[in-house]
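Subject: Handover of the two-chain model

Dear colleague,

Please find below the structure I promised to pass on, followed by my notes on what was found in it. I have tried to keep the terms explicit, and each is given with its cut-off where it first appears.

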Amino acid sequence: MSNLSVLTRIASISLFIGAGAAAQAQNLTGQEVMDRYFHNPKPKTAVMNISMVISKNGKSLSRTMTAWSMGDNAKGEIERKVIKFLAPGDIKGSGFLTEKKLDGSTESQLWLPAMGKVRRLSSGPSDQDQAFFGSDFTNRDIGGFIKADFIYELKSFSDNLYTVEARPKQAMGYELLVYTIDAKDFLNTKIEYFKNGQLARSQTITYVSVGAYNLPSNILMTAASGSSTEMKLSDYKVDQAFGDQIFTERFLKQ
Amino acid sequence: MNRPLVSATALALCVACPSIFAQTFSASLKSDLGSYFNSRDILSFSQDFPQEVEGKVEGKVGNPDAPDAQYSATLRVYFDPTTAATTPFAATILSLREAWLKAFLGPVDLSIGNQIVAWGSTDIFTPVDVVNALDYTLPFSPEKTPEFMGRAILNGQGFSVDLVFVPFWNGDILPGPRWYGSGFSLPPGVSLSLLNSPPAPSWDNVQFGGRFQASLDWFQGVDVGLTYYRGVNTLPANAFSFGSVNSQTVTLTPTATPGQFIAVYDRYNLVGVDGDVALGSGLLLRTELGYKTFSDTNLFNPDAGLGAAEWVAAGEYTFFGIKTIGEFALDWMKGAPDDTYLKTFILIVSTDLDSRSSLKGVGGWNLDGSGFVSPQFSYTIADGLKAELTVYFFLGGSSTMFGQFNENNYGEVSLTYAF
């Protein structure tokens, strides 16, 4: 057999496999697409630095933070996050602790040093859909979503991208989220948030490889009102051994 | 001495220090322009332009995420230009604010130094939050004074036990004469002087107490707290009232000298219970009850004037982006023959207009028909630089709880830079 024919055969097999995968991909339901998205490998623990720039009318405000996260809902674990503010001076030392439980409910606590008390936030939309420290992100965005939060419906598949509509099972500030999921690695590259039938916010996400994981490196949230918040996540340290003591009032206050 | 050994030790210390001490410095500069204006003659300025500078050093020893120890020290310099015009030496006040060392010993946090303690669940009326004395210079916006104390906190799984030991007593800083209220009058030309009789530094007057707090996994989270504190009043014992949001009342005993009064401070026992619950609907409910008996009277059947309680019920909800907090307080004082009751309601509404601007409104009403309102606006000019405008209006008849202060309407503009 000539080399050409070998290459042709390899190419044919590759095309066949590729076409098969694409055909299989197109046959996924919205639920299955999101199942794969939520089952992407996540580190057991992660620590990262975050810089946030809030922009409107050409002016900007910045915040820098350190965040700790732990748990994977897809593995039946509670997802926990703690964020501590390092700058600017007027909010330095403030902290946010949030726990996303298996049933989709959220427990959040806020530490404001000037107040001297840790304040509990409610799990409902009245608190969870409030702006996170003046940004275009909400407290709910910071806590993150789990698969059980929504009912999914696949709307389209083109250019190797799935478009999945997600309708919340319980009341939240938006009646519809539209996910754009890359069929290659099942990562979401965009989320659009609709309220009263109008696009209210949209989020684009880019990723960086950290060890075996694809983790967000840049998240840009743009609001229809004209403001935007860019969050840059860097200096990831993954799978470090830290215990539950990080996700406590005690740590929040330190 | 072996020089290389000394040098090596010094070098090792130099190399080690940055890794065992994670220290940061932060500071804030604050400039205020405040003025009283009365409701009939708005802008009869009594000018004031105090400047405040605060510097804070804080650090951790060991791993910053799981430190062995932590420290913090805040120094405040306050300059009052109005005082400077008459008594320059008294115009600048240097004060050490919070300054403490804390050791983390397993589940126990041990700290010593000037500290501020925040106990209880509610925000405005806080009957169990009694450890620190208060500065009532602006009585509607009192500020806690750091107290020197030893403190131990046991952090358990879902609970904590907080014990404090306050060896020395500090009284509240009383407001100026304009806040003495309509029920307190002095003959013309006579000014108030207090013959202070603070509690003697003795074991009998040492203040101590503890608080147990537990978090429960009920609803969307429940916190409950139990408090006991044996303290000494920071306001003179049991006659003037002043217009703080919770209408503090001070009764003074006159001496033979006109305008001179003896200020005595009673010991008390406080038992408190408080809690909050987050409901799935988005509603947060809080409550707090503090029961106090004075002068070592019978705890369960106090003598007239020696038993008091305050119960607070509060709710918090965000309507269309407007955070709303309502607090109702019922105050009771054992009397002879009749007990006295005071009911006050305070409402706070606040919203962030955008990432830079926030608007807040505070309103309080008493059942005697008086009240106060306070619109507040803040604007973040740049990172760490914030401008705030705050106004207080007192409403109601001159003999009512808040209306008696309607000559004391107050406005303030402040600029703060924190870095």
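Which residues does A:Gln254 touch, not counting residues up to four places away in sequence? They are B:Pro67 and B:Gln70, where two residues are taken to be in contact if their C-beta atoms, placed from the backbone, lie within 7 Å.

Before going further, please note that this is a predicted model, in which local features need pLDDT of at least 70 and side-chain atom pairs count only at pLDDT 80 or more, while totals for chains, interfaces and linings use all residues. Residues are numbered from 1 along each chain as its sequence is written, and chains are lettered from A and ligands numbered from 1 in the order in which they are written.

To stay with A:Gln254, this residue sits in the segment after helix H5 (249-253) of chain A; helices (H or I, at least four residues) and strands (E, at least two) are DSSP runs, numbered from the N terminus. A:Gln254 is partly exposed, with 19 other C-beta atoms within 10 Å, on a scale where 20 or more such atoms make a residue buried, 12 or fewer make it exposed, and values in between make it partly exposed, the C-beta atoms again being placed from the backbone. Although A:Gln254 and A:Gly93 are 161 residues apart in sequence, their C-alpha atoms are 8.4 Å apart in space.

As for the interface as a whole, 31 residues of chain B are in contact with 28 residues of chain A. On the chain B side, the elements that give two or more residues are strand S1 (21-36), strand S17 (267-278) and strand S19 (307-319). The residues of that side divide into ten nonpolar, 13 polar and eight charged, with Ala, Val, Leu, Ile, Met, Phe, Trp, Tyr, Cys and Pro counted as nonpolar, Asp, Glu, Lys and Arg as charged, and the others, Gly among them, as polar.

Within chain A, the largest nonpolar core (a set of buried Ala, Val, Leu, Ile, Met, Phe, Trp, Tyr and Cys residues joined through C-beta atoms within 7 Å) has 18 residues, of which A:Val82, A:Leu97, A:Ile246, A:Phe247 and A:Leu252 touch the most other members. Strands S2 (59-70), S3 (79-87) and S4 (95-100), together with H5, all of chain A, are the elements that give two or more residues to this core. A second, separate core of 15 residues includes A:Met34, A:Tyr152, A:Ala166 and A:Phe186.

A:Met34 also belongs to the buried residues of helix H2 (residues 30-38) of chain A, along with A:Gly30, A:Val33 and A:Tyr37. They cover an arc of only 90° around the axis (taken from the directions from the helix axis to the C-beta atoms), which puts them on the same side of H2(A). These buried residues pack against strands S7 (150-158), S8 (161-168), S9 (176-182) and S10 (187-195) of chain A.

Finally, strand S1 (residues 45-56) of chain A runs antiparallel to S2(A), joined by twelve bridges, where two strands pair if DSSP finds at least two bridges between them. The two form a hairpin with two residues between them, and A:Asn57 in the turn has a positive phi of about 50°. A:Met70 in S2(A) stands opposite A:Thr45, and its bridge partner in S3(A) is A:Arg80.

With best wishes
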